[in-house]
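Work through the exercises below with the sequence and the structure open. Each task is followed by a stepwise solution.

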Amino acid sequence: MAEIKMTGNMKVKTLRTQFKEAFGSTLRVYNGVKFADDDATLASIRAKDAKGGELAVKGNMQVGNFENKVKELYGIKVQVANADDSALADNGVTLCTAGK
């Protein structure tokens, strides 16, 4: 089963690339209301009161649960989109299904 690990020292570009390879869907990462810089680390854009740490993400996790977990752990808004990044994925489907 597809799985990635998120850590604070990971760059946005690395996260987006690993996410695409593992699940086939596109990950949109925000810094406030704008897209985050690809060269920024997750720790550098996370909310000041966020606890950070490591997050293991598996393909059977639902999109909505993943987005909420990233917000809770890092204080970063992310959205999962389909493979060609033309539409957001439904929160009720799994990460692997969202990429198909």
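Three exercises follow, on a sheet, a helix with its core, and a single residue.

The model is predicted, so local features need pLDDT of at least 70 and side-chain atom pairs count only at pLDDT 80 or more, while totals for chains, interfaces and linings use all residues. Residues are numbered from 1 along each chain as its sequence is written, and side-chain values use heavy atoms, with hydrogens and water left out.

**Exercise 1.** Determine the strand order of the three-stranded open sheet and state which strands stand at its edges.

Solution.
1. Take strands (E, at least two residues) and helices (H or I, at least four) as DSSP runs, numbered from the N terminus.
2. Two strands pair if DSSP finds at least two bridges between them; E2 and E5 have four, in the antiparallel sense.
3. The order is E3-E2-E5, with antiparallel pairing.
4. E3 (34-35) and E5 each have a single partner strand, so one side of each is left without a neighbour in the sheet.

**Exercise 2.** Describe H3 and its part in the largest nonpolar core.

Solution.
1. H3 has 12 residues and reaches 16 Å from its first C-alpha to its last, close to the expected 16 Å (1.5 Å times one less than the number of residues).
2. H3 lies across E2 and E5, at about 155° to E5; axes are lines fitted to C-alpha atoms, for helices over the stretch in contact (heavy atoms within 4.5 Å), with angles from 0 to 180 degrees between N-to-C directions.
3. Its buried residues (under 20% relative accessible area, 1.4 Å probe, protein chains only; exposed is over 50%, partly exposed in between) include Val63, Phe66 and Leu73. Among the elements covering the buried residues are E1, H1 and H4.
4. The largest nonpolar core (buried Ala, Val, Leu, Ile, Met, Phe, Trp, Tyr and Cys joined through side-chain atoms within 4.5 Å) has 26 residues, and Phe66 is among those with the most contacts inside it. H3 gives this core its largest share, five residues.

**Exercise 3.** Is Arg28 buried or exposed, and which side chain does its own side chain meet in a polar contact?

Solution.
1. Arg28 is in strand E2, and its bridge partner in E5 is Gln79.
2. Its relative accessible area is 15%, so Arg28 is buried.
3. The Arg28 side chain makes a polar contact with that of Asp85 at 2.8 Å (N or O atoms within 3.5 Å; within protein, one able to donate a hydrogen and the other to accept it, residues adjacent in sequence counting only if both atoms are side-chain atoms).
4. Not counting residues up to four places away in sequence, Arg28 also touches residues including Phe35, Val78 and Leu88.
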